[in-house]
Amino acid sequence: MEKQIASIRSAGAAPAFHIIDYGSDEFYAKQYSALCNKLNLEYTHMYAEGLPWNKCRALNYGAKTANTPFIVTSDADMIYEGNPFQYCIDNYKDKTMYHMETYWLPKNGDKKKAGYAGHGNSGGFQFIAKAAFEEIGGYDERIVYWGPEDLDFPDRLKKIGYTQEWLPNTFKLYHQWHPVSEANCKRPQTVTINTLKYAWDNKLNPVKKNDWGIILTEKDRPILKEIRNNNPKTVYLEKSILDFWKSAETVLDTQKYGFVKLELGKRVNNNFLSHIKTAMKILLKPDSSFSAIRSTININFDVLYEMLPVLSANGLRDYYISDDVSCVYLLWN
């Protein structure tokens, strides 16, 4: 983030920065807060620890609280080349959104060897009037984890009369190298389908009527205090047990404990022999590939994740998903 700010300021740009920290734990939140204070950046921490990553809500909050006519949204791991801010202001046309072409930097940071990402990453840099957020209802906050929100938002705007322009290639945006996350292992298998469902809905209904850009305060997350101060009742679940009809009672019965830690078990079986076994099942009997894949994935988390809205409508106050998704804390009324 520090490199990104330096690249912007060194080109002569001086926008008002607002860093939205969506759910970093206390250790990292303190570091980000100190860095923002050092660099004279506005910093907001949203108490979303243990919740699914929601980039849309973070961006919406920043847009809603901005007091400027124009807004730029950008990932925090970019390096800028040139001053796209001034270019967009000087060439701005009503109902137009501006984006920059993106390049992927190698680990050594050599720009000459950066991979061209083309027009596929419109979320790296987006310059737009604040009025566009208000007109469209912001990003769709139903899209969580890592979804196509960067494609969905401009697509919705186009449907209400906006046009999309890409800056001249004299302006470049470099995505800094970082280790690959375990995204596919740490998000439910149903998220992709859910996201597609929302995208289809948005093509038919591009303007969102729901509240958007609402901050998450510590008061909104009572389970954080509970985790710090109290020991939960621990309930252990067998691998993929929630895939069975009668298993619902195991979770629903935890209401009597109030504060519960559900031990779901390790999500992925990383045993090398199990991977070989799965591959052989698929090769020898393709029609069994689905069951073979399921044998290596503990789907307790997937099932519980889809049931959280049901539980929340029936007495669940708050929940907290562990980083490795091996357990979920529940706080009942």
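How many bridges join S4 to strand S10, and do the two run parallel or antiparallel? Keep that in mind while you open the model, which is a predicted one, and begin by selecting residues 172–175, which make up strand S10 and are joined to S4 by 4 bridges, with the two strands running antiparallel.

Next, select Met-78 together with His-175, and you will find that Met-78 stands opposite His-175 in S10. Widening the view brings in an open sheet of 4 strands, in the order S4-S10-S6-S7 and with mixed pairing. Colour strand S4 (78–81) and strand S7 (115–118) to mark the edges of this sheet, where each has a single partner strand, so that one side of each is left without a neighbour in the sheet. As you turn the view, note that the twist from one strand to the next averages 30 degrees.

Now move to the largest nonpolar core, which has 26 residues, and select Leu-262, Phe-301, Leu-304, Val-328 and Leu-330, the ones with the most contacts inside it. Show as well strand S12 (259–263), helix H13 (300–312), strand S13 (316–321) and strand S14 (327–332), since these elements give two or more residues each to this core. Of them, H13 provides the largest share of the core, 6 residues.

Centre next on Leu-330, whose contacts, leaving aside residues up to four places away in sequence, include Ile-223, Val-251, Phe-259, Leu-262, Leu-308 and Tyr-319. As a last stop, select Tyr-80, Cys-88, Leu-167 and Phe-171, which are among the 22 residues of another core, lying apart from the one around Leu-330.

Technical notes
Residues are numbered from 1 along each chain as its sequence is written. This is a predicted model: local features need pLDDT of at least 70, side-chain atom pairs count only at pLDDT 80 or more; totals for chains, interfaces and linings use all residues. Side-chain values use heavy atoms; hydrogens and water are left out. A nonpolar core is a set of buried Ala, Val, Leu, Ile, Met, Phe, Trp, Tyr and Cys residues joined through side-chain atoms within 4.5 Å. Buried means under 20% relative accessible area, exposed over 50%, partly exposed in between (1.4 Å probe, protein chains only). Contact means heavy atoms within 4.5 Å. Two strands pair if DSSP finds at least two bridges between them. Axes are lines fitted to C-alpha atoms, for helices over the stretch in contact, and angles run from 0 to 180 degrees between N-to-C directions.
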